[in-house]
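Please open the model in your viewer and keep the selection tool at hand. The tour goes from one stop to the next, saying each time what to select and what is there.

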Amino acid sequence: MPWRDSDNRRENLILALSSGLLLGLPWVFSWLAFLIFLSWIPLFLLEERLRHRANPYLVFNYAFLCFLAWNILGTWWICRAHLLGGILIILANALCQAFCFWLSSCVATILRLPLLLSFALIWMGFEYFHEWWDLAWPWLNLGNALAAIPKIIQWYEFTGARGGTLWIILVNVAGLNLYRALYSHTAHRRANAGAAWLLIVMAPVCLSWHLYRNLENGTDTLPFALVQPNLDPYTEKFIPAKQAQHLDRFFDTADHLCDENTRILIGPETQIVEQIDERALWTSPPYRRLRAFQRQFPNLSILLGGHSFARLNPGATVPGSRYNAEKDIYYEAFNSALFLPREQEAGFYHKSKLVPLFERMPFVQHLGFLGRFSLALGGYQGTYSNRQAQTVFMDHEKKMSILPIVCFESAFGAYCAQRLPQQRGFIAMITNDGWWKNTPGYKHHFNFSRMRAIESRRELIRAANNGISAHIDARGRVKAQTAWWQAATLKGTVHLRAGRTFFSRHGDFLGRAALFCAVGLSFYAVIRRRFSNK
């Protein structure tokens, strides 16, 4: 082996930073996604060298350095919106990842297991857990690194992105074995290691290509129109004096865009900034204007984003609720998707996966006073409620369903897929990607939409305030898209597909199983350690 068992800190540092660099670059340049298949090898070698050292925290220290580099490369752009918030998210995520890797090493050492087994279970379990707790930040889940290459991840319809995580780990382990075999004097061992690596790499690719070529489009179609206003969230969108002007511009654009054939008009997240009272819709001027505009076209439904609120009963409060001193009422504020079918009552979908620190303070349900705090994001500040009203929109006149996704929610594959209805329809994703300016953040966020289309096998219409609006088919292919940071419109025909994929029916079964096994394995290691000490 070229890396000898020594205490050379420079070599240890090189190994840790090499893994951090290889892990981070796919999130900076999507065309470097193949590096993710090599990224863990230096860290595995480093763990092997440090496992039996007297200092039990050396593995954690070097792992933290590795993951800090990964998080900085992958999510530095959060600091463009808020420096303190970005630093806190980067540090918290790197600490969680370092703890998981250190725990994997400890469990493998105590139980005398291969690091692969403990690491695969604990890491995949962590990714699953990291999508459901209050500090949820699944942006850097390993399976997301392949989002820009839909042709090789068509099998996500069965496993979701967690299957991609498992594949990446297996390829890295096979690569490590091949690396070791190359320094072996046995040709047979080199041939076996090479064949194993090739099989693990190519089997999912061949399956994906087969699925890609044989997927059929839905036969029913729906003409749509989309508006991308391109309002700067820092200097335009949330300025009260400009909001009426912005709404006028939206309706003027939509009036020229829609015709008698248009069946649905889609606008971006928070197109309506003024809060709509969900229990008294007609008291809202923007809502009345939407209904008046809708009457101009014979078959038009409308879906767009807006702020809404629901009053609480006198004396009642809920975690994260707000207080209006003028009216002496407590209320819940929502970042909502508003759907207006032609002959039905309006429906609200509330964004449930809220950005930690910015849209909802973590653990506010246990520490109610945190509801008074949140970090300002551009021109807007306030804590939202994540109480849900409905999870899908149904248009009974058109006999179709719409799965709404609001911005950050597109990073949560299992959450999106589990809400997929059986009825024919499509996915509508609304977002505002202008917070991060022209950075890799909005590009990678765009690619998440391609994974969500594959996992659910539904076509997806993506409406952005600024960013990239697009029409994405059920294979994850981009059929049409707008330019970055430009006011634009998009018209087309979306195919309506019915049914639920294996992943939407069974959810993240790989993540659940891994978390269960990881917890059991960790507890067993703790008990084993205590008995051995006695």
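Select W485, which lies in the loop between β13 (478–481) and β14, where strands are DSSP runs of E with at least two residues, helices are runs of H or I with at least four residues, and both are numbered from the N terminus. W485 has a positive phi of about 55 degrees although it is not a glycine. As background, most residues other than glycine have a negative phi. With a relative accessibility of 28%, W485 counts as partly exposed, because buried means under 20% relative accessible area, exposed means over 50%, and partly exposed is in between (1.4 Å probe, protein chains only).

Before moving on, note that this is a predicted model, in which local features need pLDDT of at least 70 and side-chain atom pairs count only at pLDDT 80 or more, while totals for chains, interfaces and linings use all residues. Residues are numbered from 1 along each chain as its sequence is written, and side-chain values use heavy atoms, with hydrogens and water left out.

Next, select C407, in the loop between β9 (400–406) and α11 (413–418). C407 is another residue other than glycine with a positive phi, here near 50 degrees. Is C407 buried or exposed? Its relative accessibility is 11%, so C407 counts as buried.

Now go to strand β14 (residues 488–496) and pick H495, which lies in it. H495 has a relative accessible area of 18% and is buried. Leaving aside residues up to four places away in sequence, H495 touches N217, G218, D220, T221, G425, E459 and K479, where contact means heavy atoms within 4.5 Å.

From there, move to Q294 in helix α10 (residues 285–294). Q294 counts as buried, at 3% relative accessibility. Which residues does Q294 touch, not counting residues up to four places away in sequence? They are L300, S301, I302, L340, P341 and R342. If you also select I149, you can draw a C-alpha to C-alpha line of 39 Å between I149 and Q294, which are 145 residues apart in sequence.

The next stops are pairs of helices. Two packed helices are described by the angle between their axes and the distance between the axes. Here axes are lines fitted to C-alpha atoms, for helices over the stretch in contact, and angles run from 0 to 180 degrees between N-to-C directions.

Begin with helix α2 (residues 41–50) and helix α3 (residues 58–75), whose axes come within 10 Å and cross at roughly 165 degrees. The two helices are therefore roughly antiparallel to each other, a term for angles over 145 degrees, whereas angles under 35 count as roughly parallel, 65 to 115 as roughly perpendicular and the rest as oblique. Their crossing is right-handed, which is the name used if the near helix is turned clockwise from the far one by less than a right angle, with left-handed used if it is turned anticlockwise. To see the contact, select L43, L46, E47 and L50 of α2 together with L58, V59, Y62, A63, C66 and F67 of α3. By class, these are nine nonpolar, no polar and one charged residues; Ala, Val, Leu, Ile, Met, Phe, Trp, Tyr, Cys and Pro count as nonpolar, Asp, Glu, Lys and Arg as charged, and the others, Gly among them, as polar.

Then select helix α4 (residues 83–111) with α5, which pack at an angle of about 150 degrees with their axes 8 Å apart. The crossing of α4 and α5 is right-handed. On the α4 side the contact includes C96, C100 and F101, and on the α5 side it includes F119, W123 and F126. This contact has 11 nonpolar, four polar and no charged residues.

Keep α5 (residues 115–129) selected and add helix α7 (residues 161–182), since the two pack at about 155 degrees with their axes 11 Å apart. α5 and α7 are therefore roughly antiparallel to each other, and α5 passes α7 in a right-handed crossing. Here L116, F119, A120, W123, M124, E127 and Y128 in α5 meet R162, T165, L166, I169 and V173 in α7. These residues divide into nine nonpolar, one polar and two charged.

Finally, zoom out to the whole protein, which has 14 helices and 14 strands. Its C-alpha trace spans about 80 × 55 × 40 Å along its principal axes, and 57% of its 534 residues count as buried.
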